[in-house]
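Colleague: I'm new to this one. Can you put it on the screen so we can go through it?

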Amino acid sequence: NKSGIKDLTASGSYFSALIAARYKFTPQWSGAVRGEVFQDGDGILTGNVNTSGNTDNDSGLKAFGVTLGVDYRPLELAFIRLEGRYLGTDANQKIFLNGDEASTSRIELIFTTGVVF
């Protein structure tokens, strides 16, 4: 059993990448940016996720994201973090809910705190 969606006798493939950078402004404050991409066109990990109803568009998940964040360290081993994240998919992969509507993108605002030990 092979893993191609359109040709079941063909081998399938997928690709994922992440790039991240952090800059420390002061000992307490830092900022970060992260970019990510996930291409599973043959549906090896995600299966077929198209929602267009057109089988010509059969494909696994194709997604990308960008995250921007700021960290504050009130103590050496504690942090407070605020991040904003955008996630998007191909035009026919409406996997996110926006109220009652399906959407190809999502924006998140994430607030976290933690301690390092």
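Colleague: Where is Val70 found?
Modeller: Val70 sits in strand 3, residues 62–75; strands here are DSSP runs (E, at least two residues), numbered from the N terminus. This is a predicted model, where local features need pLDDT of at least 70, side-chain atom pairs count only at pLDDT 80 or more, and totals for chains, interfaces and linings use all residues. Residues are numbered from 1 along each chain as its sequence is written, and side-chain values use heavy atoms, with hydrogens and water left out.

Colleague: Is Val70 buried or exposed?
Modeller: Val70 is partly exposed, at a relative accessible area of 31%. Buried means under 20%, exposed over 50%, and partly exposed in between, with a 1.4 Å probe and protein chains only.

Colleague: Now the sheet. In which order do the five strands come?
Modeller: The order is 1-2-3-4-7, in an open sheet with antiparallel pairing. Two strands pair if DSSP finds at least two bridges between them.

Colleague: Which strands stand at the edges?
Modeller: Strand 1 (15–24) and strand 7 (105–115) do; each has a single partner strand, so one side of each lacks a neighbour in the sheet.

Colleague: How many bridges join strand 4 and strand 7?
Modeller: Strand 4, residues 78–89, pairs with strand 7 over 11 bridges. Leu82 is opposite Phe111 of strand 7.

Colleague: Changing topic, where is Lys94 found?
Modeller: Lys94 is in the loop between strand 4 and strand 5 (96–98).

Colleague: What is Lys94 in contact with, leaving aside neighbours within four places in sequence?
Modeller: Thr51, Ala102, Ser103 and Thr104. Contact means heavy atoms within 4.5 Å.

How values were computed
Helix = DSSP H or I, 4+ residues; strand = E, 2+ residues; numbered from the N terminus.
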